Amino acid sequence: MSADDYSFGQFFCLKPDPATCKEILETAGRLKREHKLPGRLFDAGKLHLTVCPMGRRYKLRQHAGDAVYAAGEMIRFNAFDVVLDKAAGFYGGAHGYPNVFLADTGKDTPLMKLRMSLFESQLRHGLLVTGINQFKPHVTLSRSSDFWGFSGAIPPIRWKASELLLIYSHHDGNDRVHEVEGCWPLQSCA
């Protein structure tokens, strides 16, 4: 794979465990029925919360794929709880409307601290992440050609983030594929 094949196709994320995926999809399905929301819900295997995209090349001294992997290798972080407590629709331009469950966006949350760690680690490896403070942590439930008519609080959905994943996202001709290219456990709090 050439360095250009990676162009922003890689990202760091957290994946909910299977029980949480089931809870997310059940809650989304209930909202979809009650509010007649558009879009087909994603399969549980596609659910994830993107923490940080791959940065653009900036003083890169190695293959971009190697640099982003090395950035993940540097991360040392404790496991933490992720709480999804709001639903919304985003405008995604040509990609339609992503319909999402949102997590807390506070600057002192473990999620934001992990994002900042990934930003700094990528910078050390020649990759510059832009828009670092424009972060709306979310799990995308579906994409549709219409905006979701519901925006508001949902019963909190909580899971323990116990590993950081590096995903290579691409289209295989039929569907979007997420290949795991790196996995780093988050430490148990002692």
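**Entry 1: K36**

I looked up the accessibility of K36 and found K36 exposed, with a relative accessible area of 72%. I use the following classes: buried is under 20% relative accessible area, exposed is over 50%, and partly exposed is in between, with a 1.4 Å probe and protein chains only. The model is predicted, so I note that local features need pLDDT of at least 70 and side-chain atom pairs pLDDT 80 or more, whereas totals for chains, interfaces and linings use all residues. Residues are numbered from 1 along each chain as its sequence is written, and side-chain values use heavy atoms, with hydrogens and water left out.

I placed K36 in the loop between α1 and β2 (49-53). Helices (H or I, at least four residues) and strands (E, at least two) are DSSP runs, numbered from the N terminus. I then read the backbone: phi of K36 is near 50°, a positive value in a residue other than glycine. Most residues other than glycine have a negative phi. K36 follows α1.

**Entry 2: Helix α1**

I checked the length of helix α1 (residues 18-35). At 1.5 Å a residue its 18 residues should span 26 Å, and the end C-alpha atoms are 26 Å apart, which agrees. The expected span is 1.5 Å times one less than the number of residues.

At the N-terminal end I found D17 as the cap of α1, with a side-chain oxygen 3.1 Å from the backbone nitrogen of A19. For a polar contact I require a pair of N or O atoms within 3.5 Å; within protein, one must be able to donate a hydrogen and the other to accept it, and residues adjacent in sequence count only if both atoms are side-chain atoms.

Which residues of α1 are buried? I listed T20, C21, I24, T27, A28, G29 and L31. In an α-helix there are 3.6 residues a turn, so residues three or four places apart point the same way. I also looked for what covers the buried residues of α1, and the cover includes strands β4 (80-89), β5 (97-103), β7 (138-144) and β8 (152-161).

**Entry 3: G39**

I found G39, like K36, in the loop between α1 and β2. G39 is partly exposed, with a relative accessible area of 23%. Leaving aside residues up to four places away in sequence, G39 touches K32, S142, R143 and S144; contact means heavy atoms within 4.5 Å. For G39 and S144 I noted a C-alpha to C-alpha distance of 4.6 Å in space, with their positions 105 residues apart in sequence.

**Entry 4: Salt bridges**

How many salt bridges does the structure hold? I recorded 4, where a salt bridge is a side-chain nitrogen of Lys or Arg within 4 Å of a carboxyl oxygen of Asp or Glu.

I examined R158 and D81, whose side chains meet in a salt bridge at 3.5 Å, N to O. This pair links distant parts of the chain, with R158 in strand β8 and D81 in strand β4, 77 residues apart. R158 counts as exposed at 51% relative accessibility, and D81 is partly exposed at 37%.

D81 also meets K160 in a salt bridge, at 3.3 Å, N to O. D81 lies in strand β4 and K160 in strand β8, so the pair ties together parts 79 residues apart in sequence. I read K160 as partly exposed, with a relative accessible area of 47%. D81, R158 and K160 are thus entered as a network of salt bridges.

A further salt bridge joins the side chains of D85 and K86, at 3.1 Å, N to O. D85 counts as partly exposed at 25% relative accessibility, and K86 is partly exposed at 39%.

**Entry 5: Aromatic pairs**

I recorded 3 aromatic pairs in the structure. Rings of Phe, Tyr and Trp (its six-membered ring) pair if their centres lie within 6.5 Å; planes under 30 degrees apart count as stacked, over 60 as edge-to-face and the rest as tilted.

The rings of F12 and W184 have centres 6.2 Å apart and planes at 45°, so I entered the pair as tilted. The pair links distant parts of the chain: F12 is in strand β1 (residues 10-14) and W184 in strand β10 (residues 176-185), 172 residues apart. Are F12 and W184 buried or exposed? F12 is buried at 0% relative accessible area, and W184 is buried at 8%.

Y69 and W184 form a tilted pair, 5.2 Å centre to centre with 55° between the planes. This pair also links distant parts of the chain, Y69 in helix α2 (residues 64-73) and W184 in strand β10, 115 residues apart. Y69 is partly exposed, with a relative accessible area of 34%. I closed the entry with F12, Y69 and W184 linked by ring pairs into a cluster.
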